[in-house]
Amino acid sequence: MESLLSLAFDNLSAFEPAKIKKGLKQVEGLLAQICLSGPAKRGQDNAAAAEEQQPQLHRKGLGDLAGDPAFREFFKLQEGFEWNVAQRLLTTLDFLVARGGEGQYDLLIINALDLIQGVLLLHPPSKVLFSRAAHMNLLLDLIEPVNTPAIQCATIITLVVALLDSPANVRVFERLDGLLTVASLFKSRETGREVKFRLTEFLYFYLTPEAPPASKPSSPTSASTPTSPTRDRAGSDTASQQGSGSRSGVTLSVDVKKRKLDQHLPGVVDALLRDLDRYKPFGGVLS
């Protein structure tokens, strides 16, 4: 598995879009190999084997992976800086955003976001990366109207995954004026229907009760990480908390979060809470 990751990381570190695309495909192939392939094929540790996985293979749920040797090996590798996939994908995403351009990197950005979602679900401790302002700012920049609706939607989903079961990350999101960013986009008449739908889902998610963290995860990136070139938002990691005076990582009640959101979307939050209680979005699992 290390050899496949090494190949993928080499390509992700390249400047050429074609090589970056190949690196993203190799990461995708590895994740597919873990989640889809049968026992006989999991021993194949090379890029070709990962990329040739067939879509009709059985899809496993997260609960089915706990005893899988390939998954356990992958999870163990993610605990260290050298092989952490989420960190490499964030570095690549940061590079693609900084390059800008006239849309030639859009598909690569969306692909990177999709893979970040998958890696965070397979290795939840990697969510600690988003406790850093630079990484959270990167997502907040990508939901701005200057980006395409496809990028905005992919970013909103990534943001939900990064905040799920991670109150510390939610507090960073709030401190960096994430609620203002989301609310402004939600209220804008220029926001398209699909993006507004994803924003509504995000607001439902934000208003659900927070689960207290079982334990503080150790960062898979204890070494220093590259600084994002994206703009600094409403303060750095040492900025003061608004409203409740809570510390980073402390859970907030729904009432406190409602008051925070009411500052930006007055008159909307009560309706969202009624819908949340009535329709049980997300299958009711977050209620």
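A residue is called buried when its relative accessible area is under 20%, exposed when over 50%, and partly exposed in between (1.4 Å probe, protein chains only). This tour visits charged side chains in a predicted model, in which local features need pLDDT of at least 70 and side-chain atom pairs count only at pLDDT 80 or more, while totals for chains, interfaces and linings use all residues. Residues are numbered from 1 along each chain as its sequence is written, and side-chain values use heavy atoms, with hydrogens and water left out.

Side chains of opposite charge can pair when their charged atoms come close. A salt bridge is a side-chain nitrogen of Lys or Arg within 4 Å of a carboxyl oxygen of Asp or Glu. The structure holds 7 of them.

First, select Glu210, which counts as buried at 16% relative accessibility. Add Arg171, whose side chain meets that of Glu210 in a salt bridge (2.8 Å, N to O). This pair links distant parts of the chain, 39 residues apart: Arg171 lies in helix α9 (residues 167-175), and Glu210 in the loop between α11 (193-206) and α12 (254-262). Helices (H or I, at least four residues) are DSSP runs, numbered from the N terminus. Arg171 is buried, at 0% relative accessible area.

Next, select Lys257, which forms a salt bridge with Glu210, with 3.4 Å between the closest N and O atoms. Lys257 belongs to helix α12 and is 47 residues from Glu210. Add Glu174 to the selection: salt bridges with shared partners join Arg171, Glu174, Glu210 and Lys257 into one network.

Finally, move to Lys25 and Glu28, whose side chains form a salt bridge (3.6 Å, N to O). Because they are 3 residues apart in helix α2 (residues 17-35), about one helical turn separates them. Lys25 is partly exposed at 41%, and Glu28 is partly exposed at 34%.

Key: Helices (H or I, at least four residues) and strands (E, at least two) are DSSP runs, numbered from the N terminus.
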